[in-house]
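Trainee: I'd like to learn how to read strands and a buried residue in a model. Can you walk me through it?

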Amino acid sequence: MDFQKEILESRRPVLIEFWAPWCGYCRRLAPALDRLEKEIGDVVRIVRINVDKEPELTRQYAVNVIPSMILFRNGKGSEQLVNPPSQASITAWLKEQGVALD
Amino acid sequence: MIGKQEYQEYDVAVIGGGPGGYTAALYCARSGYSVLVLEKLAPGGQMATTALIDNYPGFENGVDGFELGEKMQKGAERFGAETVFAEVQGAELTAPIKRIQTTSGEIAARSVVLATGAVPRKLGLSDEERLSGRGVAYCAACDGMLYKGKTVIVVGGGNSAATDALYLSKICKKVYLVHRRDSLRASRVYLNPLKKSNVEFLWNSRITALLGDQQLAEAELEDISNGRKRRISCDGLFVAIGRKPDTELFSGQIPLDEYGYIVADETTKTALEGVFAVGDVRTKPLRQIVTAAADGATASHYIEEYLA
């Protein structure tokens, strides 16, 4: 993936989830993220990054607990959302970050 | 897009899609009742985060917790139970028709099964929230690999602290186990391997502060016997001091014990008519998948009696 072009220069906000296949909480979150993508995918692009395959990005964005999410807008990453307990809490957080979802 | 929906009135609403909730749903649906399960994330509950479960009977090679959760969901849905993925925001449980407010709309039901389970307990320190995900973690099996070759602290003295310390000792350079007493409560299965491992025990100690700017760098420990404090450098700190029942939403309406568990005996009946508590959220001596599932079946028996 061309991180610069696809994420940092994206016109649509991008929500990145850092995950790994061995992470239990990531698996629990996966169906909620899939549902969220169906609902808001046209407003926010959702990208999943496997920390094992992207150690550089994982270090660069100081991800040391997964699942963690970062919202990228206009080339800038937000604070991390760590292990959200529900789909609704991700939506609420996105709204807090200023994403218009309604 | 993220809209509220209209729902029919159900015979049974189940809050929480773990083993207790889906077993109640299976039994009630199989008895011909209309059943709705409300789940905020994914079926399986805490069980879904465990990769290998060896103590649920019927699986000679163990079973993946996430897959077992999905199977329990499908098993209940085969008899007509429905699942709505939504977060519960409020509930009125005292009247004959119970009302549950969710992010997906209001649900009405003649009976309710509370199966909300438990979540990891926090230390309750001021910088814990800020450093959560920045060194402070609650699941060694989930996040341990991110601390490969580093120094970590495990806090706690029970089975989960012991298994976390053992697991991390295989990955990390150095593991400290901090416990407020002078011995572990953990099962014997873990004690011998722990003694042989590279885990260093810090007894009679408690964490009093978490330090670090962008990232956890040090933990402050107090020796409980003499009040002396010192600091230990660490990259990660895993909190394994037990679980806290997810009952805040119901606290005003239903009696809870001093730890927040819903008071209900083996019948799963709570103090409220038509409201049942199953699985980890109920006061009980042993919290396991198989006892949660048993609760679900028992609840269905008394729900049938109640709805008759």
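Mentor: Let's go through a sheet, two hairpins and one residue. This is a predicted model, where local features need pLDDT of at least 70, side-chain atom pairs count only at pLDDT 80 or more, and totals for chains, interfaces and linings use all residues. Residues are numbered from 1 along each chain as its sequence is written, chains are lettered from A and ligands numbered from 1 in written order, and side-chain values use heavy atoms, without hydrogens and water.

Trainee: In what order do the 5 strands of the open sheet in chain B come?

Mentor: Strands are DSSP runs of E, at least two residues, numbered from the N terminus, and two strands pair if DSSP finds at least two bridges between them. Here the order is β8-β15-β9-β10-β11 (chain B), with parallel pairing. β8 and β11 of chain B each have a single partner strand, so one side of each lacks a neighbour in the sheet. Inside, 4 bridges join β9 to β15 of chain B, with V155(B) partnered by V239(B).

Trainee: How many bridges join β12 and β13 of chain B?

Mentor: These antiparallel strands share 6 bridges, and I207(B) stands opposite L221(B). In their hairpin, G212(B) has a positive phi near 155 degrees. β13(B) also pairs antiparallel with β14 of chain B over 5 bridges; in that hairpin, G227(B) has a positive phi near 75 degrees.

Trainee: Is N64(A) buried or exposed?

Mentor: Buried means under 20% relative accessible area, exposed over 50%, partly exposed in between (1.4 Å probe, protein chains only). N64(A) is buried, at 10%. Its loop lies between α3 and β3 of chain A.
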